[in-house]
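Please find below a short note on the structure, set out as numbered points. It concerns internal space, aromatic rings and one serine side chain.

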Amino acid sequence: MYKKQMVFQRIVCMAVLTASALVFFYSLGLMTDMFDSLYLTIINPARPENTTVRGSGIYYTMQPFNSSLTRVSIGMILVSLVLFIMNTHSRRKYYIGNFVAIGLSTVCNIAASVWAVVNISAFRAQFVNLDFAALKEHSEKWDTLYTESTFWFDAGYVVFGLVILATVLLIVNLILKLTMMKEEKRLIGSRKDVKV
C-alpha cells in the first residue's frame, strides 16, 4: 500500500505543477482573439469607450486583469515548486515543511481560482453584450477576425477546474499520508511491546 501511495503523491505533485503551468499558458492566450477582432475598433486607446463597436473597449479594460493573471500564474508555479523543494513528492514521512508547502499551495491555488473565475465570468458577461452586428460590419470592411466565440472565457472554467481538482487531490494525498503515518507509528509501537 505504501508504494502505491508514494506513486500517487508523485503524480499529485506533478498534477499541481502542471495545472499551474496550464494557467500560465492560458493567460498568454486569453487575449489572442480579442486583439485580432477588437483592437482596430477602438479609436482612442486612452478612452476605450470611444469605439466604432459598442462594448469593444473590453479589450483595454481586460488588460490589467490579464497582466495580473500572468503574474499570479507565475506565483502559482513557484509555490507548486515548493512541494518539490520540500520533497513532498518523494518523502516517506511528512514533516512540518511538507505541511507548510501543502497548505501554501492549497491556499494559493484556491484563492487564485476564485479570483480568476469571478473576473472571467464578469468579462464574459461584458463580451456577450458586444454589438456583434457592428463588429461584423467592421470585420468585413477592414478584413479583421470576426468571432462571437466565448472559447477563451469558457476555457478558463476548465483550466481553473483542473487547478481545483489537483488541489483537492493534494489534500486527499495528505489525509492518506497522515493515515498511513499513524498506522506505521502504531505498528512500530506494537513491535516495541513485543520485544519487551
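1. How many cavities of 30 Å³ or more does the count come to? In this predicted model, the count comes to 1 cavity. The space in the largest cavity is about 80 Å³.

2. The lining of the largest cavity consists of Leu30, Asp33, Met34, Ser37, Phe127, Thr147, Ser149, Thr150, Phe151, Trp152 and Phe153. Helix 2 (32-38) and helix 7 (151-195) are the elements that contribute two or more residues to this lining.

3. Two of the lining residues, Phe151 and Trp152, also form an aromatic pair with each other. Their ring centres are 5.3 Å apart, and the planes stand at 80°, an edge-to-face arrangement. Phe151 is partly exposed, because its relative accessible area is 49%, a value under the 50% above which a residue counts as exposed. Trp152 is likewise classed as partly exposed, at 24%.

4. Phe151 and Trp152 belong to one aromatic cluster together with Tyr26 and Phe160. Two members of that cluster, Phe151 and Trp152, thus appear in the lining of the largest cavity as well.

5. Aromatic pairs occur elsewhere too: a search of the whole structure finds 13 of them. Among them is the pair of Tyr59 and Tyr60, which is edge-to-face, with 5.1 Å between the centres and 80° between the planes. Are these two tyrosines buried or partly exposed? Tyr59 is buried, because its relative accessible area of 9% falls under the 20% limit. Tyr60, at 21%, counts as partly exposed.

6. A further aromatic ring, that of Tyr94, has a charged group over it. The charged end of Lys177 sits 5.0 Å from the centre of the Tyr94 ring.

7. The last residue to consider is Ser80, which is found in helix 4 (residues 63-85). Ser80 counts as buried because its relative accessible area is 1%, under the 20% limit. What lies 2.8 Å from a polar atom of the Ser80 side chain? The partner is the backbone oxygen of Ile77.

8. Leaving aside residues up to four places away in sequence, Ser80 touches Val16, Leu17 and Ser20. In summary, Ser80 combines a buried position with a side-chain polar atom 2.8 Å from the Ile77 backbone oxygen and contacts to Val16, Leu17 and Ser20.

How values were computed. Residues are numbered from 1 along each chain as its sequence is written. This is a predicted model: local features need pLDDT of at least 70, side-chain atom pairs count only at pLDDT 80 or more; totals for chains, interfaces and linings use all residues. Side-chain values use heavy atoms; hydrogens and water are left out. Helices (H or I, at least four residues) and strands (E, at least two) are DSSP runs, numbered from the N terminus. Buried means under 20% relative accessible area, exposed over 50%, partly exposed in between (1.4 Å probe, protein chains only). A polar contact is a pair of N or O atoms within 3.5 Å; within protein, one must be able to donate a hydrogen and the other to accept it, and residues adjacent in sequence count only if both atoms are side-chain atoms. Contact means heavy atoms within 4.5 Å. Rings of Phe, Tyr and Trp (its six-membered ring) pair if their centres lie within 6.5 Å; planes under 30 degrees apart count as stacked, over 60 as edge-to-face and the rest as tilted. A charge sits over a ring if NZ of Lys or CZ of Arg is within 6 Å of the ring centre and within 35 degrees of the ring normal. On a 1 Å grid over the protein atoms alone, a cavity is a set of points where a 1.4 Å probe fits but cannot get out, and a pocket is an open set with protein on both sides within 12 Å along at least five of seven lines; lining residues have an atom within 4 Å of a point. Grid points are joined across faces, edges and corners, and a volume is the space filled by probe spheres set on the points.
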